[in-house]
Amino acid sequence: VVELYTTQDCSSCPPADALLTELAMRPDVVALSLHVDYWDYIGWKDPYGSPMNTERQQRYATELGLRYVFTPQIIVDGRTSLVGSDRVAVEAAIAAARVRDKAVRIGFRVEHGGTAVIDAGVAPAAGATVWLATYDSSHETEVKRGENAGRTIRNANVVRSFERMGTWTGQALEIPLNLANAAARGR
């Protein structure tokens, strides 16, 4: 999982947005764009900026022992913080996560009718939180003010909501999903 903390207000973010768009096309990566709201004061209010995303980024800072949050910031697998436009470092972190977690295999599918099924397997000792991320696959925005005034920003996999669905303890787990409700959260 690659999470990009970004904003349309920051002139350093478009290269990271472009990298995330490329990562979103890879079958081995879950790429999510989380727009923060703490840049909104400089002249452009990011239409996808959210306090929920800002809070999530701040929790990562605490968990990872970081002194501050920044944009563009990429978090790989909830463990590694990087400058979001540093392609070489991001690719290396993805490769390291793949090696580190190669023994972890989770069977997951959504069955007809909207039930998420996680197969039995080996879970972390404390279990694993299951999240439903609702996102829009792409957006193109003409920025009118701020650091990116006059630019058209393209964003992929723009997160609109996160919902805690349960905890997987290694036992097979079925979670009913309201897919119509989830789809309504996006655009």
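**Exercises on helix 3 and its salt bridges**

In this predicted model, Val90, Ala93, Ile94 and Ala97 of helix 3 are buried.

**Exercise 1.** Determine how the buried residues of helix 3 are arranged about its axis, and what covers them.

*Solution.* Step 1: Helix 3 comprises residues 87-100 and spans 20 Å from its first C-alpha to its last, close to the 20 Å expected. Step 2: An α-helix has 3.6 residues a turn, so residues three or four places apart point the same way. Step 3: Viewed down the axis of helix 3, the buried residues lie within an arc of 100°, and therefore they line one face of the helix. Step 4: The cover over these buried residues includes strand 1 (2-6), helix 1 (13-24), strand 3 (73-76) and strand 4 (80-83). Step 5: The face turned away from the buried side carries Val88 and Val99, which are exposed.

**Exercise 2.** Identify the parts of the chain that the salt bridge between Glu91 and Arg26 links, and classify the accessibility of Glu91 and Arg26.

*Solution.* Step 1: The two side chains meet at 2.8 Å, N to O. Step 2: This pair links distant parts of the chain, with Glu91 in helix 3 and Arg26 in the loop between helix 1 and strand 2 (31-35), 65 residues apart. Step 3: Partly exposed residues lie between the cut-offs of 20% and 50%. Glu91, at 30% relative accessibility, therefore counts as partly exposed, and Arg26, at 23%, likewise counts as partly exposed.

**Exercise 3.** State the accessibility of the partners in the salt bridge between Lys144 and Glu142.

*Solution.* Step 1: The closest N and O atoms of Lys144 and Glu142 are 3.4 Å apart. Step 2: Both residues, Lys144 and Glu142, are exposed.

How values were computed:
Residues numbered from 1 in each chain as written. Predicted model: local features only at pLDDT ≥ 70, side-chain atom pairs only at ≥ 80, totals over all residues. Heavy atoms only, no water. Helix = DSSP H or I, 4+ residues; strand = E, 2+ residues; numbered from the N terminus. Expected span 1.5 Å × (residues − 1). Buried < 20%, exposed > 50% of the residue type's maximum accessible area, 1.4 Å probe, protein only. Arc of directions from axis to C-beta. Contact = heavy atoms within 4.5 Å. Salt bridge = Lys/Arg side-chain N within 4 Å of Asp/Glu carboxyl O.
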